[in-house]
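Colleague: I'm new to reading protein models, and I'd love some company. Could we go through this one together?

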Amino acid sequence: MSTPTFDQLLEAGCHFGHLKRKWNPAMAPYIFMERNGIHIIDLYKTAAKVEEAANALKSIAKSGKKVLFVATKKQAKQIIADKAQSIGMPYVIERWPGGMLTNFPTIRKAVKKMATIDKMSKDGTFDNLSKREKLQITRQRAKLEKTLGSIADLNRLPSALFVVDVLKERIAVAEANRLGIPVFAMVDTNSDPTDIDFVIPANDDASKSIDLILSTVCDAMAEGLEERKVEKADSAAAADEAAAVAEAPRRERRRVSRARKEETAPVAEAPATEEKEGKEAE
């Protein structure tokens, strides 16, 4: 797993914070200096925090658990969608549906509604509806797809959240905190890092900065998923080998039994042969 260097972070603009008058004092430990009224983030701390978050996310992915990526701001939408899809993780890039975590069963019902509509279109039920009903159901399906299509495979609560801009996604962070779900987040100088479990101090407004951080954590998660596959393959091979070892004594017993039968077969036939020869002599 490779973490971004100081120069890469600098080139991506990860060090640019917000105006001094908009800062949150809780971010003071991550601020290096002020220049022209703008806070500059300490990139050495950013690099350390990125590595820490990447290792934790790799462990989560390796264990087979899901991480929900959340970013509804324009600069991060497409980046989040591309990176999350590449590793098969759920994501939210439209409006955060209130109660998505705290009222998860209701969200699952809405997702199942999409599956029901799809089933109707396949089994021919959809064709029997009136034109107006078809239009209403189609619009409903499109609306559900837009807001919940990216979490259709999320059958249970995620094991962690990765958030870009905790100020904008404060409802998602609050729900995760309420349920005890760990939160990984890119935190800028105008945000409060208090409720974040893994803080990554970085510019959350520049697309280059978001792309670099997400590429790092997603690459780490991809490694975790690959290691999981390798371990599964090794476990399967070990199980097959153990089964083969257990089967060997059985095969040996069957072979010995077969050999004994072959040895005793001629002895059993001998008297009959001798009797036949005696009759022929008479």
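What follows is a friendly chat about salt bridges, nonpolar cores and one helix.

Colleague: Before we start, what kind of model is this?

Modeller: Good thing to ask at the outset. Local features here are held to a pLDDT of at least 70, and side-chain atom pairs count only at pLDDT 80 or more. That goes with the kind of model we have, which is predicted.

Colleague: How many disulfides does the structure hold?

Modeller: A disulfide needs two cysteine sulfur atoms within 2.5 Å. Cysteine 14 is buried at a relative accessible area of 0%, and cysteine 218 is buried too, at 3%. The number of disulfides in the structure is zero.

Colleague: Let's turn to charges. How many salt bridges does a search of the whole structure find?

Modeller: Side chains of opposite charge can pair when their charged atoms come close. Here, a pair counts when a side-chain nitrogen of Lys or Arg is within 4 Å of a carboxyl oxygen of Asp or Glu. Over the whole structure, the search gives 13.

Colleague: Which residue forms a salt bridge with lysine 73?

Modeller: The closest N and O atoms of this pair are 3.7 Å apart. Lysine 73 sits in the loop between strand 4 and helix 3, and its partner, 131 residues apart from it, sits in the loop between strand 8 and helix 7. Lysine 73 counts as buried at 6% relative accessibility, and the partner also counts as buried, at 1%. That partner is aspartate 204.

Colleague: Is lysine 83 buried or partly exposed?

Modeller: Lysine 83 forms a salt bridge with aspartate 211, with 3.6 Å between the closest N and O atoms. This pair links helix 3 to helix 7, and its residues are 128 apart. Aspartate 211 is partly exposed at 31% relative accessibility. Lysine 83 has 22%, and buried means under 20%, so lysine 83 counts as partly exposed.

Colleague: Now for the nonpolar side. Which helix gives the largest share of the largest nonpolar core?

Modeller: This core has 39 residues, and Val67, Phe69, Ile80 and Phe162 have the most contacts inside it. Several elements each supply at least two of its residues, including strand 4, helix 3 and helix 7. The largest share is nine residues, and they come from helix 2.

Colleague: How many residues are in the second, separate core?

Modeller: In soluble globular proteins, nonpolar side chains tend to be buried together. Among the members of this second core are Leu68, Trp96, Leu101 and Leu144. Its residue count is 29.

Colleague: Why do the buried residues of helix 6 lie on the same side?

Modeller: Helix 6 covers residues 170-179, and Ala172, Val173, Glu175 and Ala176 are buried in it. On the other side of helix 6, Arg170, Ile171 and Arg178 are exposed. The buried residues are on the same side because they cover an arc around the axis of only 165°.

Colleague: Which strands do those buried residues of helix 6 pack against?

Modeller: We can look at the buried residues, which include Ala172 and Val173. They pack against three strands, and strand 4 is one of them. The complete list is strand 4, strand 6 and strand 7.

Colleague: Last one: which residue follows helix 6?

Modeller: Look just after the helix for a residue with a positive phi. Its value is near 75°. The residue is glycine 180.

Methods:
Residues are numbered from 1 along each chain as its sequence is written. Side-chain values use heavy atoms; hydrogens and water are left out. Buried means under 20% relative accessible area, exposed over 50%, partly exposed in between (1.4 Å probe, protein chains only). Helices (H or I, at least four residues) and strands (E, at least two) are DSSP runs, numbered from the N terminus. A nonpolar core is a set of buried Ala, Val, Leu, Ile, Met, Phe, Trp, Tyr and Cys residues joined through side-chain atoms within 4.5 Å. The arc is that of the directions from the helix axis to the C-beta atoms. Contact means heavy atoms within 4.5 Å.
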